[in-house]
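Visitor: I'd like a close look at a single part of this structure, with enough of its surroundings to see how it fits in. Could you walk me through one helix and what lies around it?

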Amino acid sequence: MKQKETAAVLMVLLAVACWGANGIFINILTAYGVNGTAELADAIQTVKGQNIYLVAVVSTCVDTLMAERYAATALQTASGSAYTDSSGGWVDPYNTFIRTYLVSLCKELHDLGFDEVAFSYLQQPLSDTEVKYASQSGTPSRTDAVVSLAKYLRANLTATGLRVSTIVSADSILQSRAAQSGQDMAVFPKLFDRVCVFASADNVATLQSAIAADSSFDAATRFVPFLAKAPESGSYVTTG
């Protein structure tokens, strides 16, 4: 994704994928009872016929419908109630049901024709509210929880040949809130094919420095800022 033209096509597909994530009708979502009503398969095949690279955005730890229908999957507050905020209903990153569902969903997206998945909300809430993980007897940190899920997803999708990327929180980096988000920038760039982030011209350099701190990380091809316009960056997705 080095050229402006390629990145622009990807942004269109991200918009389609975001819509599809809420209204997609494929087997795995039907099986879990969280499907919408839109049939995506025909549209995907039409796009694939134009030799366009397809990326699906998959929300990991925010899934309101899943948390409501399967209460045991919900991330919990200290009192044991389901954690919700302006982003929606959060799910437990340790929950085996959630993990199996995410892997199954990604595999089906691959079978539908997607070339890459980009995990959004692969984090914990940016809040001081205490959260707990029902399946864990100890008290793992938020970083432990997020990294554990990230490693699980990476390991279980490697054999598919699907590229696996993530969208990280700019606020987590810029406001030094990694302990809350659980997004470890010493780990994520090593795990994922690309690391994406919503950025602006004012903060993109800071974000790139944090994400591409390890010299082995090729920022030119693997750091993807979502920007209004930044052709000088060499690798970006236009948002307008």
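Guide: Among contacts in the protein chain between residues at least 6 apart in sequence, 72% link residues that are at least 24 apart. Please keep in mind that this is a predicted model. The chain holds 11 helices and 10 strands, and 50% of its 240 residues count as buried. Its accessible surface comes to about 11,000 Å², with 52% of that belonging to carbon and sulfur atoms.

Now for the helix: let's take α6, which covers residues 142–157. From the first C-alpha to the last, its 16 residues reach 23 Å, close to the 22 Å expected at 1.5 Å a residue. Which residues of α6 are buried? They are R142, A145, V146, V147, L149, A150, L153, R154 and L157. As you turn the model, you can look for what these residues pack against: the helices α5 (96–112), α8 (178–181) and α9, together with the strands β5, β6 (131–132) and β7 (163–168).

Two of those neighbours are worth following a little further. Let's begin with β5, which spans residues 116–120 and runs parallel to strand β1, with 5 bridges joining the two. One pairing to find on screen is V58, whose bridge partner in β5 is F119. Strand β1 itself (residues 55–59) has 4 of its 5 residues buried, so the rest of the structure largely encloses this strand. In a regular strand, side chains alternate between the two faces of the sheet.

The other neighbour to follow is α9 (188–191), and the loop between α9 and β8 (195–198) contains R194. Is R194 buried or exposed? Its relative accessibility is 7%, so R194 counts as buried. The side chain of R194 makes a polar contact of 2.9 Å with the side chain of E116, and residue 116 brings us back to β5, the strand of residues 116–120.

Since you work at the bench, you may also want to know about the cysteines. C106 has 0% relative accessibility and therefore counts as buried. C196 has 6% relative accessibility, so C196 counts as buried too. A disulfide is a covalent bond between the sulfur atoms of two cysteines. How many disulfides does a search of the whole structure find? The search finds 0.

Technical notes: Residues are numbered from 1 along each chain as its sequence is written. This is a predicted model: local features need pLDDT of at least 70, side-chain atom pairs count only at pLDDT 80 or more; totals for chains, interfaces and linings use all residues. Side-chain values use heavy atoms; hydrogens and water are left out. Buried means under 20% relative accessible area, exposed over 50%, partly exposed in between (1.4 Å probe, protein chains only). Two strands pair if DSSP finds at least two bridges between them. A disulfide is a pair of cysteine sulfur atoms within 2.5 Å. Contact means heavy atoms within 4.5 Å. Accessible areas come from the Shrake-Rupley method with a 1.4 Å probe; for residues, only the protein chains shown count as cover. A polar contact is a pair of N or O atoms within 3.5 Å; within protein, one must be able to donate a hydrogen and the other to accept it, and residues adjacent in sequence count only if both atoms are side-chain atoms. The expected span of a helix is 1.5 Å times one less than its number of residues.
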